[in-house]
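Grab a coffee and work through these exercises with the structure open beside you. Try each task before you read its solution.

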Amino acid sequence: MTRECAVLLPGVCAALADPRHPGLDDTCLEKLLDWFRSLTWFDTTVELVQDNPCLTELITSVLALPDPSPSILSFTLQLAGILASSESRFQHLQQEKLLGRLFGQEGPRGSTAWEDASVRSAWVKGVHSMVHHQPALLFLCSTGGMDVIFTLQGDPSLFVASAASQLLVHILTFSLESETSKTLSTRDCDWPACAQMIVKHIQESLQSSSASHIEQSLKLLSSLFGSCFGSCYTAWTQVLWLDIAKQIESFLLEEPVQAQPLLANLLLNVARSPVFCGTEGSFWALVTSALEHLTPVQAGPLAVGLLKLCKCPQDVRIQALTVLLQPMDCILRAASQPLECAGLLDESVSDPGTVESLLSSKTTCAGLLCQTLAHLEKLLSLKHLRVDLPCVSLLRSLMTILQFCNGFLSPTSPLGSTISRNLINCFRVQKSALDVLAALSEEKDCDTLMGSLFDVLLAYLQSPNTSPTVLKKTFQATSKWLVHLLGLSCSNSQWQQTEKILEDVFVVLQKRLCSPCWEVRDSSLEFLTAMVKCLRDQKEFRQCLLSSEVLRLTENLLEDPESYVRASAVTAVGHLALITCFAPESPVIGHQYNRESIVAKLQEILSTDSEGFPRRAVISIFTKWLREGCTGQLEDTEQFVSSVIQTVEHDLDWEVRLGGLELVEVFCSQTICQLSQCPYAPVSSAVTSSTPENELLQVFCRAKLFGFLFGSLCDCDKPVGQRACDVLVGLRGHFYPMSTLENPQEIEDSPAGRGIAWLQRTLRQGSLAQNFPRDGGDGVDFQDPESMMLALGAIDLLELHDELNKSSDHVEESPQSLLQDILATVGTIEDNEVDCY
């Protein structure tokens, strides 16, 4: 603790304990507790409370109040717990007879204050902070604290109940730390005293007739096995599991199974424990039983969790996958009778009638399918899935679901008709199915279904009943499958099919680009951009694109009344230009879509559009063009960059200015690579006119980069200043080795040197210099190579870098400032002494 804080602390403690003062904001109290946590984390000695007796006086004063406010009492409980976290300070507070009055039977847990949930929560948090040594553990057990925590597990406040459960996990784990050296067998159940109380409580609760007690213990067990206890205390984990396994098994055999989600979560957390790495044993049999007896809705999360485990036995893994595929199998079988193609499964884990019943119900059908599809999407995202997915059948099932949803399939079976009625126009299921469909595009062996698949996708793209959100998902799935389709080696017959699909896609895209709904126009442009990104090198794609009206319609949308659409149109036009304007041999000869007109239109948007989104899109596209070398020779690029940054530097949107700096960074990097013999070689500060470095400086000065960069250092938005400083530091690293930086004292006598000194002083003002004269001031010529060379060498850019990267609250949120604010709030110091934040 600093001397300044130690001087302020007594006044703060006195103010907190004085009921005449107005209550402090809870945020201030939390920040004060955070400060004490940081103090006690690094210092476990008793001196903190001995040297600051105001802390114990505060606790004593609050305890003496007949009716303390809940916020101050809560603060005091947490403060006492934090101070008692070390054994020496705990003993000191015990000698003062304070801990019993706070956490013991004579404390607030027997008063009316206990009715306030914040007080109960603070009591739990205080105990949690305190229990980090054996004396605190013994104190808790001897004062009836464990029974209080057991009761709070069922507290009506979820925050209190959750905190109590976490505290029990902490106590059990901590109480075993001194026992880790003991060799245990599964018959050795000699738990330490505190741990034994918890284990006994769990066993009694599981055997009770109270559903709430059972649920509390299942939640506690799940937290326990999911914490470090399950991985660090393997022998104790096994002992505990053997104590409860029979009871868990009995729950699974009940009809109906109670507390299903809790049982599934518990088994999954136990499965993650290193104790059950082996493929043998009763545990995995219990998991198999759970997959069989839990409802499909509750078995799903358990199944997908098991499939992610590398140590799960293969037979259990196959059963888990079967659980996930059962609803998809049911959909496929219900679509037609007699069955025209094989289903997904040869046999089921649980009764197929249960899944059929859920899918037949209007209230449960969509929920089950959405959950199943979400799980399948997770599995498809895994790099190493240790079971083989039946991708072809899965794809058939997805297409069937999508056809049920839009009414394009009329099944003959009674079950299929019922499911179809339940799913018609169900947007949730459509979106989930399209997500899985997109993920399946990465898989192999689905090539035989391409025609049918695109029939389904095109039906969604063409239908006026497709909602904008579903249409967006359809576009995303279509773009992925088009990439897959064009990646196949096509025979002539296959190419005819591919050409027809592409033509149909562009026909529907043209229609959607003219939609009266702006979300549809926006999604259509995003789809076009995605296709161009992935397929621009495919000759067949380019031919279909250029023979359509898509180019003209996209360019028209640069003037769309909706700013989001204009921004998407800018991005699409920018990517299309890579095909139409900037290709080595442009396929569009004499077309109105030429380089000059496109650049002019985008520059006009950058300088005149009233919304930020389109302007951000323009600067992003310009940077992309620059990266891909689309802006011509160095002279052309120099003029292009110069005109762009002269527009950008006055933009009111900080993200546009930040984009301008990214453009400058790319330009600098490319120019250095073009003009320098060795891009990474430092050079002498004595630059002659014949060196590539001087030519570099001349290019940068002609492009007016330095005025933009130095001015951006004073930008009112910190990310802009940080990026500008990064670019300047990079340039300085190229032009100067660390040992040859200029000495500001030696150059200040020259006219240029005096200007550099002024620049250094101006930059140190930071945001106070927001009206930075970008065209120079006090003799600084930002277009003079010699002056800029001196500036790079003399100005302490690293110091500026450190200042810009400091958190904005590094002063305002200091402990001293916090204490001053508290004193100001209660009116004990003058306003001009306060550093409020």
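**Exercise 1. Place Ala 320 in the fold: which helix holds it, and is it buried or exposed?**

Solution. Start with the address: Ala 320 sits in helix H19. Keep in mind that you're looking at a predicted model. Next, check accessibility. The cut-off for buried is under 20% relative accessible area, and Ala 320 comes in at 0%, so it counts as buried. Now look at who surrounds it. Leaving out residues up to four places away in sequence, Ala 320 touches Leu 291, Ala 303, Leu 306 and Leu 307. Finally, try a distance: Ala 320 and Gly 300 are 20 residues apart in sequence, and their C-alpha atoms are 8.1 Å apart in space.

**Exercise 2. Work out which residues touch the most other members of the largest nonpolar core, and which helix gives the core its largest share.**

Solution. The core has 281 residues, and those touching the most other members are Trp 241, Leu 306, Trp 625, Phe 700, Phe 706 and Phe 710. Helix H19, spanning residues 314–335, supplies the largest share with 11 residues. The core also takes at least three residues from domain 1 (1–132) and at least three from domain 2 (144–179 + 189–229). As background, nonpolar side chains in soluble globular proteins tend to be buried together.

Then pick out the aromatics. Phe 700, Phe 706 and Phe 710 turn up again in one aromatic cluster, along with Phe 667 and Phe 782. Across the whole structure, a search gives 18 aromatic pairs.

**Exercise 3. Check the length of helix H5, then ask how many of its 14 residues are buried.**

Solution. First the ruler. H5 runs over residues 70–83, and its 14 residues at 1.5 Å each should span 20 Å; the end C-alpha atoms are 20 Å apart, so the two agree. (If you're redoing the sum, multiply by one less than the number of residues.) Next, burial: 12 of the 14 residues are buried, which means the rest of the structure largely encloses H5. Among the buried ones are Phe 75, Leu 77 and Leu 79, but also Ser 74, Thr 76 and Gln 78.

**Exercise 4. Find the side chain that makes a polar contact with the side chain of Asp 651.**

Solution. Locate Asp 651 in the loop between helix H34 (634–648) and helix H35 (654–675). With a relative accessible area of 9%, Asp 651 falls under the 20% cut-off, so it is buried. Its polar partner is the side chain of Arg 615, at 2.7 Å. Setting aside neighbours within four places in sequence, the contacts of Asp 651 are Leu 606, Arg 615, Val 656 and Arg 657.

**Exercise 5. Where does Asn 425 lie, and what is its phi?**

Solution. Asn 425 lies in the loop between helix H23 (414–423) and helix H24 (427–440). Its phi is positive, about 60 degrees, although Asn 425 isn't a glycine. At 44% relative accessible area, Asn 425 is partly exposed.

Now repeat the steps with Lys 704. Lys 704 is in the loop between helix H36 (692–702) and helix H37 (705–712). Phi is positive here too, near 60 degrees, in a residue other than glycine. Lys 704 counts as partly exposed, at 35%.

**Exercise 6. Sum up the chain: how many helices and strands are there?**

Solution. Count 43 helices and zero strands. Of the 837 residues, 53% count as buried. For contacts between residues at least 6 apart in sequence, 71% join residues at least 24 apart.

Definitions and conventions: Residues are numbered from 1 along each chain as its sequence is written. This is a predicted model: local features need pLDDT of at least 70, side-chain atom pairs count only at pLDDT 80 or more; totals for chains, interfaces and linings use all residues. Side-chain values use heavy atoms; hydrogens and water are left out. A nonpolar core is a set of buried Ala, Val, Leu, Ile, Met, Phe, Trp, Tyr and Cys residues joined through side-chain atoms within 4.5 Å. Buried means under 20% relative accessible area, exposed over 50%, partly exposed in between (1.4 Å probe, protein chains only). Helices (H or I, at least four residues) and strands (E, at least two) are DSSP runs, numbered from the N terminus. Domain bounds come from an automatic or database domain assignment. Rings of Phe, Tyr and Trp (its six-membered ring) pair if their centres lie within 6.5 Å; planes under 30 degrees apart count as stacked, over 60 as edge-to-face and the rest as tilted. A polar contact is a pair of N or O atoms within 3.5 Å; within protein, one must be able to donate a hydrogen and the other to accept it, and residues adjacent in sequence count only if both atoms are side-chain atoms. Contact means heavy atoms within 4.5 Å.
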